[in-house]
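Dear colleague,

I am handing over a structure that I would like you to look through at your own pace. Please open it first, and then read my notes beside it.

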Amino acid sequence: HFKELAQEDIVDFENGSFRQPFYSEVSKIDETIADANDGSINIQNAWGGDASLEYSIDDGATWQVSEVFNNLAPATYLVKVKDGNGEESQAKSIDIIAY
């Protein structure tokens, strides 16, 4: 019932378990002044797995414990959430639009 916010392929049929975390909401703020690189992404209400969630906007290349990413240049970012067991959500593509 989560529709477009749901994580695709949440069941791992090989071992009969859920892939975690599999739900999050993402909000963004586009660049507000030309060449300001002041966009932001906020990952909210992520859940699944254990409580030790980390967040990435570069498809899992780097992680941080804060769900807020500030001072972003206009670009396409691939947002992921990871739990303490190392299970990662699928990437969500988020565009920060230039002013």
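In this predicted model, Ile-57 is a good residue to select first, and if we leave aside residues up to four places away in sequence, Ile-57 touches Ile-41, Phe-69, Leu-72, Tyr-77, Leu-78 and Val-79. Ile-57 also belongs to the largest nonpolar core, which has 13 residues, and Ile-57 is listed there among those with the most contacts inside the core, together with Ile-41, Ile-43, Tyr-55, Phe-69 and Leu-72. The elements that give two or more residues to this core are the strands β4, β6, β7 (75-82) and β8 (92-96).

Two of those strands, β4 and β6, also appear in an open sheet of three strands, whose order is β3-β4-β6 and whose pairing is antiparallel. Its edge strands, each pairing on one side only, are β3 (23-29) and β6 (68-72), and neighbouring strands of the sheet are turned against each other by 15° on average, with direction ignored. Strand β4, which covers residues 39-47, runs antiparallel to β6 and is joined to it by three bridges; if you would like to find this pairing on your screen, look for Gly-39, which stands opposite Leu-72 in β6.

Which residues form an aromatic pair? A search of the whole structure finds one such pair, and it is formed by Tyr-23 and Trp-47, which are tilted, with 6.1 Å centre to centre and 40° between the planes. Because Tyr-23 lies in strand β3 and Trp-47 in strand β4, the pair ties together parts that are 24 residues apart in sequence. As for how far each partner is covered, Tyr-23 has a relative accessibility of 10% and therefore counts as buried, since buried means under 20%, whereas Trp-47, at 37%, counts as partly exposed.

Finally, please look at Glu-25, which has its place in strand β3 and is partly exposed, with a relative accessible area of 24%. The side chain of Glu-25 is joined to that of Asn-45 by a polar contact of 2.7 Å. Glu-25 and Ile-43 are 18 residues apart in sequence, while in space they are 5.8 Å apart, C-alpha to C-alpha.

With best wishes

Technical notes: Residues are numbered from 1 along each chain as its sequence is written. This is a predicted model: local features need pLDDT of at least 70, side-chain atom pairs count only at pLDDT 80 or more; totals for chains, interfaces and linings use all residues. Side-chain values use heavy atoms; hydrogens and water are left out. Two strands pair if DSSP finds at least two bridges between them. Helices (H or I, at least four residues) and strands (E, at least two) are DSSP runs, numbered from the N terminus. Axes are lines fitted to C-alpha atoms, for helices over the stretch in contact, and angles run from 0 to 180 degrees between N-to-C directions. Rings of Phe, Tyr and Trp (its six-membered ring) pair if their centres lie within 6.5 Å; planes under 30 degrees apart count as stacked, over 60 as edge-to-face and the rest as tilted. Buried means under 20% relative accessible area, exposed over 50%, partly exposed in between (1.4 Å probe, protein chains only). A nonpolar core is a set of buried Ala, Val, Leu, Ile, Met, Phe, Trp, Tyr and Cys residues joined through side-chain atoms within 4.5 Å. Contact means heavy atoms within 4.5 Å. A polar contact is a pair of N or O atoms within 3.5 Å; within protein, one must be able to donate a hydrogen and the other to accept it, and residues adjacent in sequence count only if both atoms are side-chain atoms.
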